[in-house]
Amino acid sequence: MKFFIVFAALFAVALAAPAEHGAEIVRQESDVQPESYSFHAETSDGTVKSEEGKLKDVGSEHEAIVVHGSYSWVDEKTGEKFTVTYVADENGFQPEGAHLPQPQH
């Protein structure tokens, strides 16, 4: 499971790499521990990505990682800012955002 945490942290750094249109990283922080990780990255084009992951039920058959995070970007054409918050756990990836379709109850 430690490999997964390190992989997730490295993946986050890759996501924060400059985009094809010339965005540069203006802020980047990360903290990787044996049973958790967190990172925050911002680029010059207004993109922001933050995430925290923690192991739960450590040492049991049901050990799993629970991730909470968000990402946002500014539409190049309209200037509108979009934000997605999410949880990823044993129930899958669960995104929320004002621009996303809402499930019908």
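**Entry 1: ground rules**

Before looking for aromatic pairs, I noted that the rings of Phe, Tyr and Trp (its six-membered ring) pair if their centres lie within 6.5 Å; planes under 30 degrees apart count as stacked, over 60 as edge-to-face and the rest as tilted. The model is a predicted one, with local features needing pLDDT of at least 70 and side-chain atom pairs counting only at pLDDT 80 or more, while totals for chains, interfaces and linings use all residues. Residues are numbered from 1 along each chain as its sequence is written, and side-chain values use heavy atoms, with hydrogens and water left out.

**Entry 2: confidence**

I looked up pLDDT, the predictor's confidence in each residue, from 0 to 100. The protein chain has a mean of 85, and 79% of its residues reach 70 or more. For the elements, I used DSSP runs numbered from the N terminus: helices are H or I runs of at least four residues, and strands are E runs of at least two. Of these elements, β2 has the highest mean pLDDT, 97, and helix α1 (residues 2-15) the lowest, 52. I keep in mind that predicted coordinates should not be read in detail where pLDDT is low.

**Entry 3: the layout**

I found one helix and six strands in the protein chain. Read from the N terminus, the elements go α-β-β-β-β-β-β.

How are the six strands ordered in the sheet? They follow β1-β2-β3-β4-β5-β6, in an open sheet with antiparallel pairing. β1 (25-33) and β6 (92-96) are at the edges with a single partner strand each, so one side of each has no neighbour in the sheet. From one strand to the next, the twist averages 10°; axes here are lines fitted to C-alpha atoms (for helices over the stretch in contact), with angles from 0 to 180 degrees between N-to-C directions.

**Entry 4: strand by strand**

Two strands pair if DSSP finds at least two bridges between them. In general, such strands pair through backbone hydrogen bonds, either parallel or antiparallel.

- β1 and β2 are antiparallel over eight bridges. Here I noted Arg 27, whose bridge partner in β2 is Glu 42.
- β4 and β5 also pair in the antiparallel sense, over eight bridges. Their hairpin has six residues between the strands, and Gly 79 in it takes a positive phi near 80°.
- β5 and β6 are antiparallel over five bridges. Two residues lie between them in a hairpin, and Val 87 stands opposite Gln 94 in β6.

**Entry 5: aromatic rings**

How many aromatic pairs are there in the whole structure? My search found five. I picked out Tyr 71 and Tyr 86, which count as tilted because their ring centres are 6.1 Å apart and their planes stand at 45°. Tyr 71 belongs to strand β4 (residues 64-74) and Tyr 86 to strand β5 (residues 81-89), so the pair ties together parts 15 residues apart in sequence.

Are these two rings buried or exposed? I took buried as under 20% relative accessible area, exposed as over 50% and partly exposed as in between (1.4 Å probe, protein chains only). Tyr 71 is partly exposed at 30%, whereas Tyr 86 is buried at 6%.

Next came Trp 73 and Phe 82, a stacked pair at 5.4 Å centre to centre and 20° between the planes. Phe 82 is also the bridge partner of Trp 73 in β5. Trp 73 is partly exposed at 30%, and Phe 82 is buried at 16%. Together with Phe 93, the residues Tyr 71, Trp 73, Phe 82 and Tyr 86 form one aromatic cluster.

**Entry 6: what is inside**

Buried residues account for 25% of the 105 residues in the protein chain. I then looked for a nonpolar core (buried Ala, Val, Leu, Ile, Met, Phe, Trp, Tyr and Cys residues joined through side-chain atoms within 4.5 Å). The largest has six residues: Tyr 37, Phe 39, Leu 55, Ile 65, Val 67 and Tyr 86. At least two of them come from β2, and at least two from β4. Tyr 86 thus turned up in my notes twice, in this core and in the aromatic cluster.

**Entry 7: two single residues**

Thr 43 sits in strand β2 (residues 36-43) and counts as buried at 13% relative accessibility. Its side chain makes a polar contact with that of Asp 45, at 2.4 Å. Such a contact is a pair of N or O atoms within 3.5 Å; within protein, one must be able to donate a hydrogen and the other to accept it, and residues adjacent in sequence count only if both atoms are side-chain atoms.

Last, I checked Asp 57, in the loop between β3 (48-56) and β4. Its phi is near 55°, a positive value in a residue other than glycine. Asp 57 is partly exposed, at 41%.
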